[in-house]
Amino acid sequence: MGMFGVLDISSAGMDVQQARLEVTATNIANARTTGKDGVAYQPLAVVVHSAIAEAQGPAGTPTTVANLPVPMVADVVPMNVAPKLVYDPGHPDADARGMVALPGVDPVSSMMDLISISRGYEANLRAFDITRSLLQRTLDLGRNR
């Protein structure tokens, strides 16, 4: 890993947190979205793959970490969550029994996720800034020789 590898890792971490933030905000925004024929909004999740696990391959042969790419957001996938049924006979999407299928989004858990995402982003940003500052000081030392 070169001098700038730490900056790449912190940047990738911020990208992952940004994707998680967008998906969580979308889930919260659609928490009361209904669909036709009882099909509700399906909550989403971000899946991140480990670059080390992918580089080892199926046999699990060891590999060096030095030249591996940083983790990337692999996919945004729908979560397998059952919809919540709420009795609301006046709702336009209610079925014959008066039940409305709402997405299986838990707003409290989603808000807790937002706090975790915010702190993860801040930690990556702090690591990026500290590394940048140390690299700048190293360049300044070389310049003053």
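**Salt bridges and exposure**

Biologist: What makes Arg132 count as partly exposed?
Modeller: Arg132 has a relative accessible area of 47%. Buried means under 20%, exposed means over 50%, and partly exposed lies in between (1.4 Å probe, protein chains only), so Arg132 is partly exposed. This is a predicted model, in which local features need pLDDT of at least 70, side-chain atom pairs count only at pLDDT 80 or more, and totals for chains, interfaces and linings use all residues. Residues are numbered from 1 along each chain as its sequence is written, and side-chain values use heavy atoms, leaving out hydrogens and water.

Biologist: Why is the contact of Arg132 and Asp129 called a salt bridge?
Modeller: A salt bridge needs a side-chain nitrogen of Lys or Arg within 4 Å of a carboxyl oxygen of Asp or Glu. Arg132 and Asp129 meet at 3.8 Å, N to O, so the pair qualifies. Being 3 residues apart in helix 3, Arg132 and Asp129 are separated by about one helical turn.

Biologist: How do you know that Arg143 and Asp140 form a salt bridge?
Modeller: Their N to O distance is 3.3 Å, which means that the rule is met. Arg143 and Asp140 also lie 3 residues apart in helix 3, about one turn of the helix.

Biologist: Why is Arg143 called exposed?
Modeller: Its relative accessibility is 59%, so Arg143 passes the exposed cut-off. Asp140, at 29%, is partly exposed.

Biologist: What makes Arg97 and Asp95 a salt bridge?
Modeller: The closest N and O atoms are 3.5 Å apart, so Arg97 and Asp95 satisfy the rule too. Arg97 is exposed at 59%, whereas Asp95 is partly exposed at 36%.

Definitions and conventions. Helices (H or I, at least four residues) and strands (E, at least two) are DSSP runs, numbered from the N terminus.
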